[in-house]
Amino acid sequence: MIEIKRNKVKLWSRLGARATFGQTILELAKERDDFFVTSADLAQSSGLVRFKEEFPERFVNAGIAEQNMIGIAAGLAKDGTNVFATSFSPFVTMRACEQVRMNMGYMQLNIKTVGLGSGLIMSQLGNSHYGIEDGSVMRAIPGMTVVNPADGVEIVKMVEALCDFEGPVYLRLTGGPGLPVVYEDDIDFQIGKAIRVKDGKDIAIIACGTMVYYSKIAADILEKKGISASVIDMHTIKPLDGVMVDSVLGSKLIVTVEEASTIGGLGSAVAEYISLKKNKPPQLMVGIKDCFPHAGSYQYLLEECELTGEQIAIKIEKALFDADY
Amino acid sequence: MQDKNEVIGSLKEHAKNIRKNSLLMANRCGTNAHLGGGLSLVEALTVLYGAVMNSKDLPYDEKDKFILSKGHGVLGFYAALAEFGIIDKELLDTFLQDGSDLIAHPVMNTDLGIEASSGSLGQGISMAIGLALSAKRKGYSYQTYVLCGNGESNEGSVWEACMSAVNYELDNFTLFLDNNHMQSDGTSESVMNISDKYSGMLDALGFQVIEIDGNDIEQVYDAFLIPHQKGKPKAIIGNTIKGKGVSYMENNNDWHHNRLTNEQLESALAEIGWHND
């Protein structure tokens, strides 16, 4: 068990998602010897250098060959061992998509695929490196669990939980150094069980990954305007926590927010879930529209994709009060 | 110890049975089956299951692993599993029937001795490398064998896998390349003309390479029994004949995926020395 302490929370925020992942793996490797980590020549970029040096027997570098990496992970996982198979999100989910489908879907092997630098954080590197549709693609694969933690604390809790989780999982890591903090203290964490970050009575914002923080900002802005919003951290996109969604069906509006395409991700998952409910509010889907954004700094991209707290609040107001929206 | 000639003689009988059961399955299923590629690999699987692998009633860490990477080779594969008592012979009657465990590409099923689901080409070899690497890292004693096709080896992922087998120094890993020089659209020469270069390619990568007539039981047997060079993965390039054993199927791509009528079955069985009486 990794202890959650305030100074660590600050450190994880400063390090960002990738390095926090790497550090968590290193910490867990000291406690337990029941998992492998594979990389496709990205140990450096994944914060895995110390793990690689201290536990070379549990690290496998497949070279720049993601397809082979997933296949190797399958062989390593065949005896039930957990394998974290890491690469940048588009490469591990789409370059190796069919290997993921065969080995993790069809064979349900114990692989945890980790999509590093998902969403827009790869900034100047451009759309070749962004994770826009990675979660959608993974969600469509039968039997695949898809998770997207909100901040450093949740990444740590998530990776810890994944070590004891049986079955295939896609871990989508969004956000970079200076990762916004949603949780300052330890949380009661369970895969598949959403967390209510803020209570509200008018509307419900269901978010995942970095967008949990930005949704909180939006909720604060709306609060000042007399609109009370719940914020839910839906860290597990599949299987969706239906009980949590049921609890907000009485809201005036459900808003889903994700640093991902609105096609096939969290917004779609919620829409699919509520589609047959008799009494349900309208749903506003916030996320990356059907486009490849212009490359730029992370902040520039959040603004271009209208994903800042202010922009989310404006969209929500429009959805509530603008009949033509 | 058993006399080698006796072993070879007995393996030849097994190969004949496997070929017969492959043909019977293809006929009984009442639909198209992958005959050509299912018959070229019969000798390789006969030797593997009949004389090389320990494949029964052992704990995971000791039991040898086999993956059929060219997943459409199931006729010979299922028939071999039945021939060596890993599955019930009666199960072969369910081949390609609705809801059967024995479909046109293997579906992972430990009870049936099927280590991996395949059917999407060029993938099983990577999983086999993972199995061999796992054994190295964990001190497991099993050997890992994988059978790939020459057509399958058009897939880039096969070469990613081969590079890594050399890199990880997997001397507990053996690749059998069922090199029948044909693929779905015709001769390899007419589609992707490298099937005579695989041996050189694997040698250049650093494999221990043995090139043989892959339909000659004795050559296959000898090749599998040659010990691994230390730190090197082994590749057996088995030059085979697609549709081997039935003259009208041999090197005839009409039999890549086709239906076998009762009349055709009779003549095929006669050719391999069986009479359906």
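## Briefing: rings, interfaces and backbone oddities

B:Tyr60 is partly exposed, with 27% of relative accessible area. That value, like the rest here, comes from a predicted model. Its ring partner, B:Tyr142, is buried at 0%. From that pair we can move on to the other aromatic contacts, then to how the domains of chain A meet, how chain A meets chain B, and a few local spots worth a look in the viewer.

**Aromatic rings and charges**

- Over all chains, the structure holds 19 aromatic pairs. One of them is B:Tyr60 with B:Tyr142, an edge-to-face pair with 5.9 Å centre to centre and 80° between the planes.
- This pair links distant parts of the chain, its two residues being 82 residues apart. B:Tyr60 sits in the loop between α3 (42-52) and β1 (65-68) of chain B, while B:Tyr142 sits in the loop between α5 (124-138) and β2 (144-149) of chain B.
- The two tyrosines fall into different burial classes because buried means under 20% relative accessible area: B:Tyr142 has 0%, whereas B:Tyr60 has 27%.
- B:Tyr142 has a charged visitor as well: B:Lys65 lies over the face of its ring, 4.0 Å from the ring centre.
- Over in chain A, one aromatic cluster is made up of A:Phe21, A:Phe35, A:Phe51, A:Phe55, A:Phe59 and A:Phe84.
- A:Phe35, part of that cluster, carries the charged end of A:Arg58 over its ring, at 5.4 Å from the centre.

**Two domains in chain A**

- The domain assignment splits chain A into domain 1 (6-174) and domain 2 (195-320). Taken over C-alpha atoms, the centres of domain 1 and domain 2 of chain A are 25 Å apart.
- Where they touch, 28 residues of domain 1 of chain A are in contact with 33 residues of domain 2 of chain A.
- Domain 1 and domain 2 of chain A bury about 2,200 Å² between them, and 56% of it is on carbon and sulfur atoms. On the domain 1 side, A:Leu120, A:Ile132 and A:Arg139 supply 32% of the area buried against domain 2 of chain A, more than any other three residues.
- How many salt bridges are there between domain 1 and domain 2 of chain A? The count is one.
- A:Arg139 turns up again in a salt bridge with A:Glu272, where the side chains meet at 2.8 Å, N to O.

**Chain A against chain B**

- The contact uses 27 residues from chain A and 26 residues from chain B.
- Chain A and chain B bury about 2,100 Å² between them, with carbon and sulfur atoms giving 54% of that area. For chain A's share, A:Asn68, A:Lys78 and A:Met107 supply 27% of the area it buries against chain B, more than any other three residues.
- Three salt bridges are counted between chain A and chain B. A:Glu57 and B:Arg137 form a salt bridge, with the closest N and O atoms 3.9 Å apart.

**Around helix α11 and strand β12 of chain A**

- Helix α11 (residues 266-274) of chain A has these buried residues: A:Leu266, A:Gly267, A:Ser268, A:Ala269, A:Val270 and A:Ile274.
- What covers them includes α7 (134-139), β8 (203-207), β10 (236-238), α10 (242-246), β11 (253-261) and β12 (283-288) of chain A.
- A:Met285 is found in strand β12 of chain A, and A:Met285 is partly exposed at 29% relative accessible area.
- Leaving aside its neighbours within four places in sequence, A:Met285 is in contact with A:Thr256, A:Thr262, A:Gly267, A:Ser268 and A:Ala271.
- A:Met285 and A:Ile232 lie 53 residues apart in sequence and 14 Å apart in space, C-alpha to C-alpha.

**Backbone spots to check**

- Which bond joins A:Lys238 and A:Pro239? It is a cis peptide bond, with omega at about -5°. A:Pro239 lies in the loop between β10 and α10 of chain A.
- B:Leu96 is not a glycine, yet its phi is positive, near 65°. B:Leu96 is in the loop between α4 (74-83) and α5 of chain B, and counts as partly exposed at 23% relative accessibility.
- B:His181 is another non-glycine residue with a positive phi, about 60°. Its place is the loop between β3 (173-179) and β4 (182-183) of chain B, and at 22% relative accessibility B:His181 counts as partly exposed.

Conventions: Residues are numbered from 1 along each chain as its sequence is written. Chains are lettered from A and ligands numbered from 1 in the order in which they are written. This is a predicted model: local features need pLDDT of at least 70, side-chain atom pairs count only at pLDDT 80 or more; totals for chains, interfaces and linings use all residues. Side-chain values use heavy atoms; hydrogens and water are left out. Rings of Phe, Tyr and Trp (its six-membered ring) pair if their centres lie within 6.5 Å; planes under 30 degrees apart count as stacked, over 60 as edge-to-face and the rest as tilted. Helices (H or I, at least four residues) and strands (E, at least two) are DSSP runs, numbered from the N terminus. Buried means under 20% relative accessible area, exposed over 50%, partly exposed in between (1.4 Å probe, protein chains only). A charge sits over a ring if NZ of Lys or CZ of Arg is within 6 Å of the ring centre and within 35 degrees of the ring normal. Domain bounds come from an automatic or database domain assignment. Contact means heavy atoms within 4.5 Å. Buried area is the accessible area (1.4 Å probe) that two parts lose on being put together, summed over both. A salt bridge is a side-chain nitrogen of Lys or Arg within 4 Å of a carboxyl oxygen of Asp or Glu.
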